[in-house]
Amino acid sequence: MFQLNFTNDTTPAELALTTHHSLPLVVLSLLIAILAAFASVSHVDLMRSTQSPSVAHRWHIIGAIAMGIGVWTMHFVGMVAFKLPMDVYFEPVTTSISLIPAILAGYIGLRVLRNTEPSAFAIVGGGTLMGLGIGVMHYLGMSGMLVNAKMLYRPELFTLSILVAAVMASSALAVPRLMMALQCTFNARDFSFLLKLATASLMGLAISSLHYVAMAATVFLPLEWPIAQGPSHTIDETLIAAFAVIASVFILVVSTITVILRFRILESDSLAKKSEREARQIEDRFKRLVSRLPGTVYQFQLDPDGRMRIPYASAAIEHVHGVTADEVKDNADRIFQMVHKDDLEKLMVSIQKSAQELNVWKHEYRIRLNGNEHWLQGNAIPDRQEDGSILWSGFITDVTEKKQAEARIQQLAFYDELTGLPNRRLFEDRIGRALAEASRHQQYGALLYLDLDDFKSLNDTLGHSFGDRLLRSLANILSSNFRETDTVARLGGDEFVILTGNLGTSEDIATRNANRLAENLLTLLHKPVDLNGYEYKCETSIGIALFDGAEQSSEELLKRADTAMYEAKSVGRNVIRFHDPHIQSILAKRFRLEIELRQAMERNELTLAYQKQIGRNGECQGVEALLRWKHPERGFISPADFIPIAEHNGLIIPLGRWVLRTACHQLSVWQQEPKTQGLHISVNVSSKQFHQPDFVDVVLKTLQQAGATATGLCLEVTESIVLDDLEDALAKMQALRAHGIRIAMDDFGTGYSSMAYLSRLPFDEVKIDKSFVQRADERANGNEWVIIETIMTMAHKLGMRVVAEGVETQQQHKLLDAMNCDFFQGFYFSRPVDLETLSRALSTEH
Ligand SMILES: Nc1nc2c(ncn2[C@@H]2O[C@H](COP(=O)(O)O[C@H]3[C@@H](O)[C@H](n4cnc5c(=O)[nH]c(N)nc54)O[C@@H]3COP(=O)(O)O)[C@@H](O)[C@H]2O)c(=O)[nH]1
């Protein structure tokens, strides 16, 4: 029976039995108490490490049992350490029951420690209950003690024992809070070793203090009538010691298991922390990367029921689509509502295709955002999910600027800047297609080549801005008068081309149709065009080449129409001409000549011939250098045939320089010989060559390199140099003349406005064209002679000398001489001859 008897004033304290404790066992009991407390508080980590309340509770119970057994063992080891002068036994039931309050005390202690930040009330309350629990255990255990003595408790020490236990237990429970207040670095979850040791030591002391203060409170009075024989079911001290050893081993095992588990928790904790850290780093990196991407990173999901949503989108979706990620998380309709109506169907088809084939989705489409049209480019990889939905992961970028740049490049590459019409490159591509179409449908088509007859004069007289305006309005007229399937293009300058198909299945019908088209065009273009108040009527030459398909190439067809246009031009103004195969063969020859001319320069097949120019005294005053080409198979080819080709393809520039170099070299040679030093050389200069920006420098440098004096050189130019650029011609002539170089106007009388130019330009000589001289031959008083005489008088009045070309007869010479002509050139005196022949002739003359 659990009963507490206290001493009072009548208690004969002097009769109390003498007791003592064995020190080693006392120390052992203290260690057991601390060890048990340590094992118990180690369960705090295990309780905190799990999210599962039932698992935590299990650890709570085990920890409480470890504590209970420890307290209980400590008590009985303490009892073994206690020495009375008589045998001591323990009653087993009470002894066993005394374990329960010890376990409860452990349970309460762990309940407080489990909380990472327990309140002061919880600490004091928990500590007090713990102290009481240990006290109950102790005094219950004492009541199970069987000795031949009466057990009384001194009330003051009894109370002190409970108080000490409560205070010490509260202190133990306060250790973690205290450490935290002192800002010791440990994680709230982490019940570190030192912390545990301090807590366990205080708890061990609480348990031991109670025990030994309580033992001090106990007074054993010998019985007047001792019990003769001990009770039948008792536990003696040896058994208690054995229990203590077993209990200690149990505590050790529990403690070891706890420590191992604790290490595992720490390990998995650190692993978890590491992965958490890595995950955070990856997430950070991902966010940083995503924020730098020029678009939005997203996931798009197509559910089996057809629902579309965007489970993830980076913040940039606001910029790209003008919606937040949350707004489209569960429903992507808002995104699709923005898509341009012309692009929506294609977009949907591309998504379905990617979903079916599980191929990378890549698509460009337009959206309307804030009233503007934007081009977006999507790129994503699809992945089938377990629920059958397709999840695409990728990114969407705004490619509006790229698209605009592409369009601009396209415009610049394939369209004429001034008129917006297709340019030559695009047109050539269209011809290829038109030819294929014609062949496929067995239909004739036509290429119309237009060239304005008087565009140059318009530009010269009214200025380039008027010219540009005219070209733009013509482009409008042309493009609005042809079908969409036809192509109207501008090849450059005032040249327009029109490609039209389906003109008929026979050449006759197609010719009639194309002619009608061209006539309509002439009428249309002849209507006055308003150029800033100035009414302008266009006259146009049109060349037409029919085509029926595969046998022709684009270049060939263009060339045919071009030739036909030149034919039209040569006939007169506002004329239509169809391509003629005869002209074509001439063209082919011309093309071959062009190739051979290039080779001729490389193979040194070119030479200079010299034709004398005779003075009034009948002596040779100089020569005209004339280019000669001796073809290895076809013999001499006339410059009248190859010079226009060279002018057309630009070969005239290197060719002209070669002539100039050779002539200057010869001039230098003559200037060093007394007999020939007064001779001059006339060199023909084409307009293209003359208008080269460095022409003057080239001439001066050539003279200097040859070592020739400039006054011996005469440059023969035609009036075309003036037509091409009057200002430039004037400036260059002045510059050349300033160095003593003479300038002659060649072929005078063949052009339209030679007279006008003669008065405006500083020529030294005028060469009357041979056609005049030859026409004038028959009738000495005819009109031609009157014209020649007028030219001669006018030139002389302007201070220019006159050279008559093409003098073939004595009669011509006589008449020209009578008109005071200064120089004579013609077969009558000498044909153009090679240098050797000329040198021989000169040596006999002088
Ligand atoms: N830019 C350059 N043009 C050149 C050069 N060399 C020649 N040419 C030009 O080629 C055209 C043809 O020249 P060519 O066949 O040499 O004919 C010249 C004379 O042979 C010819 N001529 C001279 N006298 C008579 C004659 O009495 N009767 C007659 N039927 N023909 C005659 O006239 C041509 C010279 O003409 P021109 O130059 O106008 O003085 C010709 O246009 C050459 O200019 C060159 O290096 N560069």
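Biologist: Is Arg307 buried, partly exposed or exposed?
Modeller: The model is predicted, so low-confidence local features are left out. Arg307 has a relative accessibility of 38%. Buried means under 20% and exposed means over 50%. Arg307 therefore counts as partly exposed.

Biologist: Which residue does Arg307 meet in a salt bridge?
Modeller: The N to O distance of this salt bridge is 3.5 Å. The partner of Arg307 is buried, with a relative accessible area of 8%. That residue is Asp303.

Biologist: How many salt bridges does a search of the whole structure find?
Modeller: A salt bridge needs a side-chain nitrogen of Lys or Arg within 4 Å of a carboxyl oxygen of Asp or Glu. The search covers the whole structure, and its count is 33.

Biologist: Why are Glu437 and Arg440 separated by about one helical turn?
Modeller: Glu437 and Arg440 form a salt bridge, with their closest N and O atoms 2.5 Å apart. Glu437 is partly exposed at 37% relative accessibility, and Arg440 is exposed at 54%. Both sit in helix H14, residues 424-441. They are about one turn apart because their spacing in that helix is 3 residues.

Biologist: How many residues apart in sequence are the parts that Glu716 and Lys767 tie together?
Modeller: The salt bridge between Glu716 and Lys767 has its closest N and O atoms 2.7 Å apart. Glu716 lies in strand E24 (residues 713-717), and Lys767 lies in strand E26 (residues 765-768). So the pair ties together parts whose separation in sequence is 51 residues.

Biologist: Are Glu716 and Lys767 buried or exposed?
Modeller: Glu716 has 1% relative accessibility. Lys767 has a relative accessible area of 0%. The cut-off for buried is under 20%. So Glu716 counts as buried, and Lys767 is also buried.

Biologist: Which residues are linked with Glu364 in a network of salt bridges?
Modeller: Glu364 falls within strand E10, residues 361-369. Its network partners fall within helix H13, residues 400-414. They are Lys402, Lys403 and Glu406.

Biologist: At what angle to E11 does helix H13 run?
Modeller: Helix H13 spans residues 400-414. This helix lies across E10, E11 and E12. Its angle to E11 is about 115 degrees.

Biologist: What is the strand order of the open sheet with antiparallel pairing?
Modeller: This sheet has 5 strands. Its edge strands are E9 (308-313) and E10 (361-369), each pairing on one side only. The twist averages 30 degrees from one strand to the next. The order is E9-E8-E12-E11-E10.

Biologist: Which helix packs on this sheet at about 150 degrees to E10?
Modeller: The helix covers residues 341-357. It touches strand E8 (295-302), E9, E10, E11 and strand E12 (390-398). It is helix H12.

Biologist: In E11, which residue is the bridge partner of His363?
Modeller: E10 and strand E11 (residues 372-384) pair in the antiparallel sense over 9 bridges. The partner of His363 is Gly378.

Biologist: What is the strand order of the open sheet with mixed pairing?
Modeller: This open sheet has 5 strands. Its edges are E14 (487-492) and E19 (576-578), and each pairs on one side only. The average twist between successive strands is 20 degrees. The order is E14-E15-E13-E18-E19.

Biologist: Over how many bridges do E14 and E15 pair?
Modeller: Strand E15 covers residues 495-500. Gly492 stands opposite Glu495 in E15. The pairing of E14 with E15 is antiparallel and runs over 5 bridges.

Biologist: What angle does the direction of helix H16 make with that of E15?
Modeller: Helix H16 (residues 464-480) packs on the sheet. It touches strand E13 (445-452), E14 and E15. Its angle with E15 is about 10 degrees.

Biologist: Which elements give two or more residues to the nonpolar patch?
Modeller: The patch is made by Val93, Ile97, Ile100 and Leu104, with an area of about 360 Å². Leu104 lies in helix H4. The elements are helix H3 (92-97) and helix H4 (99-114).

Biologist: What percentage of the residues of the chain count as buried?
Modeller: The chain has 30 helices and 28 strands. Its accessible surface comes to about 42900 Å², with 55% belonging to carbon and sulfur atoms. Of its 846 residues, the buried share is 46%.

Conventions. Residues are numbered from 1 along each chain as its sequence is written. This is a predicted model: local features need pLDDT of at least 70, side-chain atom pairs count only at pLDDT 80 or more; totals for chains, interfaces and linings use all residues. Side-chain values use heavy atoms; hydrogens and water are left out. Patches are made of residues with over 30% relative accessible area and no salt bridge: like charges are joined within 9 Å, nonpolar side chains (Val, Leu, Ile, Met, Phe, Trp, Tyr) within 5 Å. Accessible areas come from the Shrake-Rupley method with a 1.4 Å probe; for residues, only the protein chains shown count as cover. Helices (H or I, at least four residues) and strands (E, at least two) are DSSP runs, numbered from the N terminus. Two strands pair if DSSP finds at least two bridges between them. Axes are lines fitted to C-alpha atoms, for helices over the stretch in contact, and angles run from 0 to 180 degrees between N-to-C directions. Contact means heavy atoms within 4.5 Å. Buried means under 20% relative accessible area, exposed over 50%, partly exposed in between (1.4 Å probe, protein chains only).
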